[in-house]
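Let's take a quick tour of a protein chain, from its overall build down to a few single residues. Keep the picture open while you read.

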Amino acid sequence: MPKKPLLIDPNQIDLTHVVADLEEIRRHNRQRFEMEQLTAICLEDTQNFLCVGYKDIGPDDFWTRGHFPGMPLMPGVIMCEAAAQLASYFSKRHQLMEGIIGFGGLEDVRFRGVVRPGDRFVIACKMLKVRRTIMTCEFQCFVRGDLVCEGIIKGVALPVEELSTGTGGAA
């Protein structure tokens, strides 16, 4: 099967051109503390529904001590979380969806490399379909220009009122 084309050539991304820093990201995403998986946004292409951001992986990220002791590797689920946060940021920033966006699903996810402390984890996300309550995005993640993770992510609008009052059903 032929390789899928890259959403963007990682060597053409200007990582020094920050269009949204951590404070701007916080205006649109609700994750805080250990769950913040974005450092900056460096590209927002509203014509092509493409966004690029990154996370600088530090030696004290919450997973480094236990995954794995003496050989810290970023868990795949955290890679997917970073991609989800980038998609959420873009859709909230450009008012494509309302409310809080939660995971709706993952498809065709492949892990193709490792991410370690000291790496800059670059994420590209392209909106494929956006509706009022659901979005579908393709994502690709890179370290030093190499593809390390890719897939399709779905986001869904969460029932904020039910979740904040505790009246929602258990999942």
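Start with what is tucked away: 42% of the 171 residues in the protein chain are buried, where buried means under 20% relative accessible area, exposed means over 50%, and partly exposed is in between (1.4 Å probe, protein chains only). One thing to know early is that this is a predicted model, in which local features need pLDDT of at least 70, side-chain atom pairs count only at pLDDT 80 or more, and totals for chains, interfaces and linings use all residues. Residues are numbered from 1 along each chain as its sequence is written, and side-chain values use heavy atoms, with hydrogens and water left out.

**Overall build**

- The protein chain has 3 helices and 6 strands; helices (H or I, at least four residues) and strands (E, at least two) are DSSP runs, numbered from the N terminus.
- Follow the sequence along and you meet them in the pattern α-β-β-α-β-β-β-β-α.
- The radius of gyration is 16 Å, close to the 16 Å that the globule rule gives for 171 residues, so the protein chain is as compact as a globular protein of that length. Here the radius is taken over C-alpha atoms, and the globule rule is 2.2 Å times the number of residues to the power 0.38.
- If you boxed up the C-alpha atoms along the principal axes, you'd need roughly 40 × 40 × 35 Å.
- Take the contacts (heavy atoms within 4.5 Å) between residues at least 6 apart in sequence: 65% of them join residues at least 24 apart.

**Surface and charge**

- About 9700 Å² of the protein chain is exposed, and carbon and sulfur atoms supply 52% of that area. Accessible areas come from the Shrake-Rupley method with a 1.4 Å probe, and for residues only the protein chains shown count as cover.
- There are 20 positive and 22 negative charges, and their mean positions are 4 Å apart.
- In that count, Lys and Arg are positive and Asp and Glu negative, while His and the chain ends are not counted. Each charge is placed at NZ of Lys, CZ of Arg, CG of Asp or CD of Glu.

**Salt bridges**

- The structure holds 9 salt bridges, each a side-chain nitrogen of Lys or Arg within 4 Å of a carboxyl oxygen of Asp or Glu.
- One of them joins the side chains of Arg26 and Glu36, at 2.6 Å from N to O. Arg26 sits in helix 1 (residues 22-28) and Glu36 in the loop between helix 1 and strand 1 (40-45), 10 residues apart.
- Arg26 is partly exposed at 26% relative accessibility, whereas Glu36 is buried at 12%.
- Look for Glu23 here too: Glu23, Arg26 and Glu36 are linked in a network of salt bridges.
- Lys154 pairs up with Glu107, with the closest N and O atoms 3.2 Å apart. Lys154 is in strand 6 (residues 146-157) and Glu107 in strand 3 (residues 101-111), so this salt bridge ties together parts that are 47 residues apart in sequence.
- Lys154 counts as partly exposed at 25% relative accessibility, and Glu107 counts as partly exposed at 35%.
- Glu150 and Arg112 form another salt bridge, their closest N and O atoms being 2.5 Å apart. Glu150 is in strand 6 and Arg112 in the loop between strand 3 and strand 4 (120-130), so the pair ties together parts that are 38 residues apart in sequence.
- Glu150 is buried, at 7% relative accessibility, but Arg112 is partly exposed, at 48%.

**Three residues to click on**

- Phe103 belongs to strand 3 and is partly exposed at 42% relative accessibility. Cys80 is 23 residues away along the chain, with 9.9 Å between the two C-alpha atoms.
- Beyond its neighbours within four places in sequence, Phe103 has contacts that include Cys80, Ala84 and Ile153.
- Ser88 lies in helix 2 (residues 76-93) and is buried at 8% relative accessible area. Not counting residues up to four places away in sequence, Ser88 touches Asn29, Ile101 and Met135.
- Lys92 is also in helix 2, and counts as partly exposed at 22% relative accessibility. Lys92 and Arg27 are 65 residues apart in sequence but 9.3 Å apart in space, C-alpha to C-alpha.
- Leaving aside neighbours within four places in sequence, the contacts of Lys92 include His28, Met97 and Ile101.
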